[in-house]
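Colleague: Could we go through this structure together? I should like to discuss its nonpolar cores and its salt bridges.

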Amino acid sequence: MSIVVQNKETQDILDGEQKRQTASAKVLQVLLNKIQNGEYTSGQRVSISDLEADGNRNAVREAMSQLVGWDILEYTPYCGYRMREYTLHDLLERYELREAIEPLAARRLARLRPRHALNEIAGHLAIMEDFFNYKDMNIFHRADLDFHYCIVANCGNRQFTQKQIHVNLIALFFLDHIQPFKMEYRQYSDVAPEEDFDELNIRSTNEMHRKIYDSICNGSVETAELLCRNHAATLVRNLENFILFHPELAHAGLADFNRALGKKKNTNKGTRKTRSSHREEVSKRNSSVV
């Protein structure tokens, strides 16, 4: 067996590289935490100097370049870094990512059933089911995201838990279009009052999450996979129909989306579409697509 002896200069280089990678990873985690905590909004400028307290300038640049590669930040020469201006199309792509991996993750988790993971998921579900006591949609959506991410993170598949997939799932919470999209979609509901729609939507969401959790706890691998697949597929289908009905909003940034949404509400004031009429219009559009 041969022993490789490194001289002091080589060792210093290796130690410096390790420290650089550690500093970059620290800054990256700080950035992700800020995104999760809602400290950044779509299109907001992210200054290197604001993050230098968490690492040196080179480490900050490396971490921000990593997020550019992951499609979270945008970089413009001479202008710097900004949070990406997300669109409904971006939201659809991330729903499709969930649809692809979460059912398989639920299946694996139902087979493994690690106690710490079940307890963590149960905690997020409890927060969701307690909504009518705190009535804060931000808390509800965060618990919803954490519920689904815990399924993916604890399924035992290391490919599913890569940092890039983690970041893309975090982006679901960051996407500011989720709430405006649901607000706009109310016009296709048969439930007239806005409050009734919210209550019905939250109760049905909690019921579905409870079924997913129970199937995982009971080790029902087929049921857990099917429930997660149907849940994710419904999100994808609803958003696809919405984009099909409003193609002009598919690639609009948040500001443009909200502006267009306000115009539509004023234009459509007093005219409410039912689910059936919406289905008919979507069906006509689908039939006209070659």
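**Salt bridges and cores**

Modeller: To begin with a salt bridge in this predicted model, Asp146 pairs with Arg142, and their closest N and O atoms are 3.3 Å apart.

Colleague: Where do Asp146 and Arg142 lie relative to one another?

Modeller: Both belong to helix 6; because they are 4 residues apart there, about one helical turn separates them.

Colleague: Is Asp146 buried or exposed?

Modeller: Asp146 is buried, its relative accessible area being 18%. Its partner Arg142 is partly exposed, at 24%.

Colleague: What about helix 9: which side chains meet in a salt bridge, Glu199 and which partner?

Modeller: Glu199 meets Arg203, with an N to O distance of 3.1 Å. The two residues are 4 apart in helix 9, about one turn of the helix. Glu199 is partly exposed, with a relative accessible area of 33%, and Arg203 is also classed as partly exposed, at 45%.

Colleague: Which residues are joined into one network by salt bridges that share partners?

Modeller: Arg107, Glu222, Glu225 and Arg229 are linked in that way.

Colleague: How many salt bridges does the count come to?

Modeller: The count is 12 salt bridges. One further pair is Asp71 with Arg84, where the closest N and O atoms are 2.6 Å apart.

Colleague: Which parts does the pair of Asp71 and Arg84 tie together?

Modeller: Asp71 sits in the loop between helix 2 (57–69) and strand 2 (73–76), while Arg84 sits in the loop between strand 3 (80–83) and helix 3, so the salt bridge connects parts 13 residues apart in sequence. Asp71 is partly exposed, at 35% relative accessibility, whereas Arg84 is buried, at 16%.

Colleague: Turning to the interior, which residues touch the most other members of the largest nonpolar core?

Modeller: That core has 27 residues, and Ile121, Phe147, Ile151, Ile212 and Ile216 touch the most other members. At least two core residues come from each of helix 3 (88–112), helix 4 (115–129), helix 6 (137–153), helix 9 (194–217) and helix 10 (221–245).

Colleague: Which helix gives the most to this core?

Modeller: Helix 6 does, with 6 residues.

Colleague: And Ile121, what does it touch?

Modeller: Leaving aside residues up to four places away in sequence, Ile121 touches Leu109, Phe147, Cys150, Ile151 and Tyr213. Another core, of 23 residues, lies apart from this one. Its members include Leu32, Ile48, Val60 and Trp70.

Key. Residues numbered from 1 in each chain as written. Predicted model: local features only at pLDDT ≥ 70, side-chain atom pairs only at ≥ 80, totals over all residues. Heavy atoms only, no water. Core = buried A, V, L, I, M, F, W, Y, C linked by side-chain atoms within 4.5 Å. Buried < 20%, exposed > 50% of the residue type's maximum accessible area, 1.4 Å probe, protein only. Contact = heavy atoms within 4.5 Å. Salt bridge = Lys/Arg side-chain N within 4 Å of Asp/Glu carboxyl O.
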